[in-house]
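Student: I would like to take a close look at one part of this protein, namely its aromatic ring pairs, and to see how that part sits within the chain as a whole. Could you take me through it slowly?

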Amino acid sequence: MKKRIITAILAAMMVAASLSGCGSSTDSETEAKTEAVTEAATEAVQTEEETEAVTEAAETEAAETEVAAEEVSDYTIKEGVLMVGMEIGYPPMEYFDEDGATPIGYDVEVATALAEELGLELEIVDTAWDGIFAGVTTDKYDCIISSVSYTEDRDETYLLTAPYVANAPVIVVPNDSDIADIMDLDGKTVAVQMETTADYLIQEYIADGLDTDLRQYEKVINAFDEIKAGRVDAVCTDSVVASYYLGDDASDYQTVWQAEEKEPIVICLKKDNEALEAKINEGMAALFENGTMAELAVKYFGTEDVIEGLAEGFGVE
């Protein structure tokens, strides 16, 4: 840089000297030409300085991003990759696009944005729900981003981040049903996806004396198929998925009961991976701060209410 500046100045001085030695020019003409050459040299130097400054800034930013990615990669299974376990069959949270192969949905976009924020590539590992937690403990993926509800039992077994969306179990019934409360399931049949918090909730009520016929299905869509076919009286599921699954038939059904306490949805990691958990928390904080989470909430749920107050859990004031 300094060599180029000196070269430009010397060149200007040489041109000025040659102009002053030209007998056919007046002193005023020589002075004007000298000033013009000097200004041109100065502009060239300034342009060179600005270009180098921009280049250096870009190189510094790239280096910092690379270092950040390397730091996160120290705690991921694959270098430069965030592997996410997900059961792709739970709209609008995670499901396949019309091509039957491309994962889309709220959780998919959260995972994509998080990986980008951490400077990592995203790899989604489609996993059946009944084996999804075993997968994270055996290092099949780094974390689970798949509508994992917080429970005390899960908190004792895994690392759970702060919630990134609020949720609550609900009861869905046909409009002409006489079920108005969860206790009205007595003597009725209710469908759930097995090993979900909705499943555990109904089991708790049964243990407390509720006489209901619990039907457990591998996929939540099976539960909604059953109610549409009239083979069960109700479905218990998450509030964030109930309206989606009813689809064009939504006007024929209603939500008659919702748990008083919200059921926060979290990101799940294996118990000894606190370093990656800290990085994920930092990334999620950034997504709340830059408005990404608000945009996704409106896109998939039509409101920001489902993320209201949750930014604080990631350290965002």
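Student: Before we turn to the rings, how much area does the chain expose, and what share of it do carbon and sulfur atoms supply?

Tutor: The model is a predicted one, and in it the chain exposes about 16,400 Å², of which carbon and sulfur atoms supply 48%. Of the 317 residues in the chain, 44% are buried, and the chain has ten helices and twelve strands. If we take the contacts between residues at least 6 apart in sequence, 72% of them join residues at least 24 apart.

With that setting in mind, we can come to the rings themselves. A search of the whole structure finds six aromatic pairs. One of them joins Tyr106 and Tyr164, whose ring centres are 6.3 Å apart and whose planes meet at 10°, and because planes under 30 degrees apart count as stacked, this pair is stacked. Tyr106 belongs to helix α3, which covers residues 106-117, while Tyr164 lies in the loop between β6 and β7, so the pair ties together parts that are 58 residues apart in sequence. Both of these tyrosines, Tyr106 and Tyr164, are buried. They also belong to a cluster, in which ring pairs link Tyr106, Tyr164, Tyr300 and Phe301.

Another stacked pair is formed by Phe288 and Phe314, with 5.5 Å from centre to centre and 25° between the planes. Here too distant parts of the chain are linked, since Phe288 is in helix α9 (residues 274-289) and Phe314 is in the segment after α10, 26 residues apart. Phe288 and Phe314 are both buried.

The loop that holds Tyr164 runs between β6 and β7, and β6 leads us to a sheet. This sheet is open and has five strands in the order β4-β1-β5-β12-β6, with mixed pairing. Strands β4 (121-126) and β6 (159-160) stand at its edges, where each has a single partner strand, so one side of each is left without a neighbour in the sheet. Further inside that order, strand β1 (residues 81-86) pairs with strand β5 (residues 143-149) in the parallel sense over two bridges, and the bridge partner of Gly85 in β5 is Ile144. In general, strands of a sheet pair through backbone hydrogen bonds, either parallel or antiparallel.

Terms used
Residues numbered from 1 in each chain as written. Predicted model: local features only at pLDDT ≥ 70, side-chain atom pairs only at ≥ 80, totals over all residues. Heavy atoms only, no water. Pairing = 2+ DSSP bridges. Helix = DSSP H or I, 4+ residues; strand = E, 2+ residues; numbered from the N terminus. Phe/Tyr/Trp six-rings, centres within 6.5 Å; stacked < 30°, edge-to-face > 60°. Buried < 20%, exposed > 50% of the residue type's maximum accessible area, 1.4 Å probe, protein only. Contact = heavy atoms within 4.5 Å. Areas by Shrake-Rupley, 256 points an atom, 1.4 Å probe, with all protein chains shown as cover.
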